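Dear colleague,

I am handing over a structure that will be new to you, and below it I have set out what was found in it. Please read the notes with the structure open beside you.

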Amino acid sequence: MSNRKALEGVTVVELATFIAVPAAGRILADMGANVIKIESPDGDNLRYTAPTEGRPLDQYENTTFDLENANKLGIGLNTKTEAGKKVLFELLEKADIFLTNWRPGARARAGLDYETLKKRFPKLVYASLTGYGETGPDKDLPGFDYTAFFARAGILGTLYQKDTVPMNVIPGLGDHQCALGLVAGVLAAYIRAKSLGEGEYVSTNLLHTSIYTQAIMIQAAQYPDYGQTYPIDRRTTTSPFILAYKTKDDRFIQVCMPVYDAYYAKFISCIGRPDLAQDERYTKLQEVAKHGRSPEMYDIVWAQIEQKTASEWKAIFTENDIPFSVAQTWEEVLEDEQAWAIDAFYRMKYANGSEKALVRPPIDFLESGLPEYRRGPLLGEDTGAVLKALGYSDERIAELEANGDVIVRKA
């Protein structure tokens, strides 16, 4: 096994805040790229989101910032000053990939749009991620996954129990999916740049990513004479074999048997109703739907599942090869043996002595092994080292700091 990472020797400049683009930068860093994260003098806003996530606000134990920014170098840079912008362009001169989540209008005003940079850096891979895309009337709207991914794209308007309220959404769910898409595009563009000697512009956005993740049902919505219009009452779902049911101990078990007919006899027997295994009223989903019997079957399954605990059903379903999972809490996921077996987590020990489980991106390499998990940089932590690599003297760095062009964190 070689410890050489896939992207060793590749330099990435990241000019972005919050989650989606930094998450993409983190994945590239894990792959071995030298990722230089540029922050404004105030720092990435993600440094300060702890209270909304139920964590203490502590820059020395910042699990969310580390999740998105591990293994990067960090430089504090004022890109609004002439000297600060000069540093940015010097970094881009040495970069293979540029990542940003600045909105199109802001980039254009700062002279950081693709057409401008392409003339100066013709081999650069320029990667952009926005809320709503880069064309159309809403291209310059502020975009977060709560709004562009969950609400605008249809998740919150459809995927909730009819006559109740939308689900409680969480940060990062849409951002991380978007980040994976951006990484895929960046890697393809980088291969193109290396083979043709030409740069490329690759972009994605939260709106399109969400529409893509829901594509099966969004496309099906074009057939209003078939199926049901969402939001729906789960009790009337066409197939009752793809729902979650409550157990005796008030847990939920999600079953997933998309081909109802193939699983019917086994499943109905497993849950204690073998008397219905050959009942022609229920054996074929087409007949169940045709005669409106889905609620009847839902009630039968619900009544049976309520008779045993989640642990008891887990044993029964596992033995009978029924696709299922107990609906776990986050606290349980943190203790999940299978999650630890696949290295979903890493134990980070902070300088203050605290140890926390931090999540790894879901990409593994056999030959180069697992990446290390070096915490995200403190604001301006690597400014001096990065500038020295560009040829700046200690005196010049001190001058830039005094002028407010850079932030240099002292050891």
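A good place to start is glutamate 335, which is exposed, with a relative accessible area of 65%. Please keep in mind throughout that this is a predicted model. Glutamate 335 sits in the loop between α16 and α17 (337-341), and its C-alpha lies 9.7 Å from that of alanine 357, a residue 22 positions away in sequence.

Helix α16 (residues 330-333) also holds tryptophan 330, which counts as exposed because its relative accessibility is 62%. Tryptophan 330 joins Phe144, Tyr146, Ile170 and Leu173 in a nonpolar patch on the surface, and together these residues have about 510 Å² of accessible area.

Leu173 appears again where two helices pack, since among the contacts there, Asp145, Phe149 and Phe150 in α7 meet Leu173, Gly174, Asp175 and Gln177 in α9. The axes of helix α7 (residues 145-152) and helix α9 (residues 173-196) are 8 Å apart and form an angle of about 85°, which makes α7 roughly perpendicular to α9.

For the chain as a whole, there are 19 helices and 12 strands, and 44% of the 411 residues count as buried. Of the contacts with a separation of 6 or more, 68% are between residues 24 or more positions apart. The C-alpha atoms fill a box of roughly 85 × 50 × 40 Å along the principal axes.

Turning to charged pairs, the count comes to 23 salt bridges. In one of them, lysine 72 pairs with glutamate 14, with the closest N and O atoms 2.6 Å apart. This pair links distant parts of the chain, for lysine 72 is in the loop between α3 (63-69) and β3 (73-77), while glutamate 14 is in strand β1 (residues 11-15), 58 residues apart. Lysine 72 is buried at a relative accessible area of 2%, and glutamate 14 is buried as well, at 0%.

Another salt bridge joins aspartate 299 and arginine 235, whose closest N and O atoms are 2.6 Å apart. Aspartate 299 lies in helix α14 (residues 294-305) and arginine 235 in the loop between α11 (215-220) and β7 (244-246), so the pair ties together parts that are 64 residues apart in sequence. Aspartate 299 is partly exposed at 32% relative accessibility, and arginine 235 is partly exposed with a relative accessible area of 35%. Finally, salt bridges that share partners join Glu14, Lys37, Asp44 and Lys72 into one network.

With kind regards

Definitions and conventions
Residues are numbered from 1 along each chain as its sequence is written. This is a predicted model: local features need pLDDT of at least 70, side-chain atom pairs count only at pLDDT 80 or more; totals for chains, interfaces and linings use all residues. Side-chain values use heavy atoms; hydrogens and water are left out. Patches are made of residues with over 30% relative accessible area and no salt bridge: like charges are joined within 9 Å, nonpolar side chains (Val, Leu, Ile, Met, Phe, Trp, Tyr) within 5 Å. Accessible areas come from the Shrake-Rupley method with a 1.4 Å probe; for residues, only the protein chains shown count as cover. A salt bridge is a side-chain nitrogen of Lys or Arg within 4 Å of a carboxyl oxygen of Asp or Glu. Helices (H or I, at least four residues) and strands (E, at least two) are DSSP runs, numbered from the N terminus. Buried means under 20% relative accessible area, exposed over 50%, partly exposed in between (1.4 Å probe, protein chains only). Axes are lines fitted to C-alpha atoms, for helices over the stretch in contact, and angles run from 0 to 180 degrees between N-to-C directions. Angles under 35 degrees count as roughly parallel, over 145 as roughly antiparallel, 65 to 115 as roughly perpendicular and the rest as oblique. Contact means heavy atoms within 4.5 Å.
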